[in-house]
Amino acid sequence: MLQKTLVLDPHDSGEEHVPSHSVFGFWLYLMTDCVIFASLFATFGVMAHQFAGGPSGKELFDIQGVALETVMLLLSSITFGFAMLGAHRRKSGTVLMWLAITFVLGLGFLWLEFREFGHLLDEGFGPGRSAFLSSFFALVGTHGLHVTLGLVWMVVLAAQVICNPELSEREIRRLTCLSLFWHFLDIVWIGVFTFVYLGSVI
């Protein structure tokens, strides 16, 4: 009678050999976010000319300021890419440096967006002024909320990198998921800049 012998490595917990579906699951989450933003874009498309006697986007939007926002967010996508390169090389210092730069760029983007919202509200052009402004605040505000959550997530992952500077596969997977999320927000913002801002002033 043949007996099978299983040799166990005392240093192997088996955790690294269990395939992770977290990245695939995160792709599924991003698909649900795509549906949300597609609905908001469609709503804005329907409401884009419903001004109710109020101002249009051409009268309200500062394209130069929005262009600066766009540059900052696109640059943050590049800097996050450098952070991921550092992560795959197991260089925690490089990861933290590029995450810090990405965070500052994302924070600058949010500051410019909040300043725009504050200016509109001060002038009396809030979401209740017209269907156009309601759909604008809903779409751009939802994107801004996602960016805010991304920045909070970034801080949490930076703290984990500080606590685990050797950068295990688990930390790299988490950084990869945030990278997907951040690049997704960049793509959505390109749509916002083109469809909402440029489309409203041309």
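Me: Where does Glu123 lie?
Reply: Keep in mind that this is a predicted model. Glu123 has a relative accessible area of 48%, so it counts as partly exposed. As for its place in the fold, Glu123 belongs to the loop between H4 and H5.

Me: And how many Å apart in space are Glu123 and Asp62, C-alpha to C-alpha?
Reply: Along the sequence, Glu123 and Asp62 are 61 residues apart. In space, going C-alpha to C-alpha, the separation is 14 Å.

Me: Which side chains meet in a salt bridge?
Reply: The structure holds 1 salt bridge. Side chains of opposite charge can pair when their charged atoms come close. Here the N to O distance is 2.7 Å, and the partners are Arg90 and Glu169.

Me: How many residues apart in sequence are the parts that Arg90 and Glu169 tie together?
Reply: Arg90 sits in the loop between H3 and helix H4 (92-122), while Glu169 is in helix H6 (residues 169-201). The pair therefore ties together parts of the chain whose separation in sequence is 79 residues.

Me: What is the relative accessible area of each partner, Arg90 and Glu169?
Reply: Both ends of the salt bridge come out as partly exposed: Arg90 and Glu169. For Arg90 the value is 37%, and for Glu169 it is 34%.

Me: What sign does phi of Arg90 have, positive or negative?
Reply: Most residues other than glycine have a negative phi. Arg90 comes just after H3, and its phi is about 60°, which is positive.

Me: Which residue in the loop between H1 and H2 has a positive phi although it is not a glycine?
Reply: The residue in question is exposed, because its relative accessibility is 60%. Its phi is about 50°. Its place is in the loop between H1 and H2, and the name is Ala52.

Me: Is Leu167, in the loop between helix H5 (131-163) and H6, buried or exposed?
Reply: Leu167 is another residue other than glycine with a positive phi, near 55°. Buried means under 20% relative accessible area. Leu167 has 1%, so the call is buried.

Me: How far apart are the end C-alpha atoms of helix H3, and what span should its residues give?
Reply: Helix H3 covers residues 63-88, which makes 26 residues. At 1.5 Å a residue, the expected span is 38 Å. The end C-alpha atoms agree with that, being apart by 38 Å.

Me: Which residues form a nonpolar patch on the surface?
Reply: An α-helix has 3.6 residues a turn, so residues three or four places apart point the same way. One member of the patch, Leu85, is found in helix H3 and is partly exposed, with a relative accessible area of 43%. Together the patch residues have about 420 Å² of accessible area, and they are Val71, Leu75, Ile78, Phe82 and Leu85.

Me: Thr79 is found in helix H3 too; which residues does Thr79 touch, not counting residues up to four places away in sequence?
Reply: Thr79 counts as buried, because its relative accessibility is 8%. Leaving out residues up to four places away in sequence, Thr79 touches Trp98, Ile101, Thr102 and Leu105.

Me: What about Ser56, in the loop between helix H1 (22-47) and helix H2 (57-60): with which residues is Ser56 in contact, leaving aside neighbours within four places?
Reply: Ser56 is at 15% relative accessibility, so it counts as buried. With neighbours within four places in sequence set aside, its contacts are Phe51 and Phe132.

Me: How many Å separate the C-alpha atoms of Trp27 and Phe181?
Reply: Trp27 lies in helix H1 and is partly exposed, with a relative accessible area of 43%. Trp27 and Phe181 are 154 residues apart along the chain, yet their C-alpha atoms are separated by 9.0 Å.

Me: How many disulfides does the structure hold, and why is Cys163 not bonded to Cys177?
Reply: A disulfide needs the two sulfur atoms within 2.5 Å. The closest cysteine sulfur to that of Cys163 is in Cys177, 19 Å away, which is too far for a bond. Cys177 is in no disulfide either, with the nearest cysteine sulfur, that of Cys34, 15 Å away. The number of disulfides is 0.

Me: Which of the two is buried, Cys163 or Cys177?
Reply: Cys163 has 63% relative accessibility, so it counts as exposed. At 8% relative accessibility, the buried one is Cys177.

Note on methods
Residues numbered from 1 in each chain as written. Predicted model: local features only at pLDDT ≥ 70, side-chain atom pairs only at ≥ 80, totals over all residues. Heavy atoms only, no water. Buried < 20%, exposed > 50% of the residue type's maximum accessible area, 1.4 Å probe, protein only. Helix = DSSP H or I, 4+ residues; strand = E, 2+ residues; numbered from the N terminus. Expected span 1.5 Å × (residues − 1). Contact = heavy atoms within 4.5 Å. Salt bridge = Lys/Arg side-chain N within 4 Å of Asp/Glu carboxyl O. Patch = residues over 30% accessible without salt bridge, like charges linked within 9 Å, V, L, I, M, F, W, Y side chains within 5 Å. Areas by Shrake-Rupley, 256 points an atom, 1.4 Å probe, with all protein chains shown as cover.
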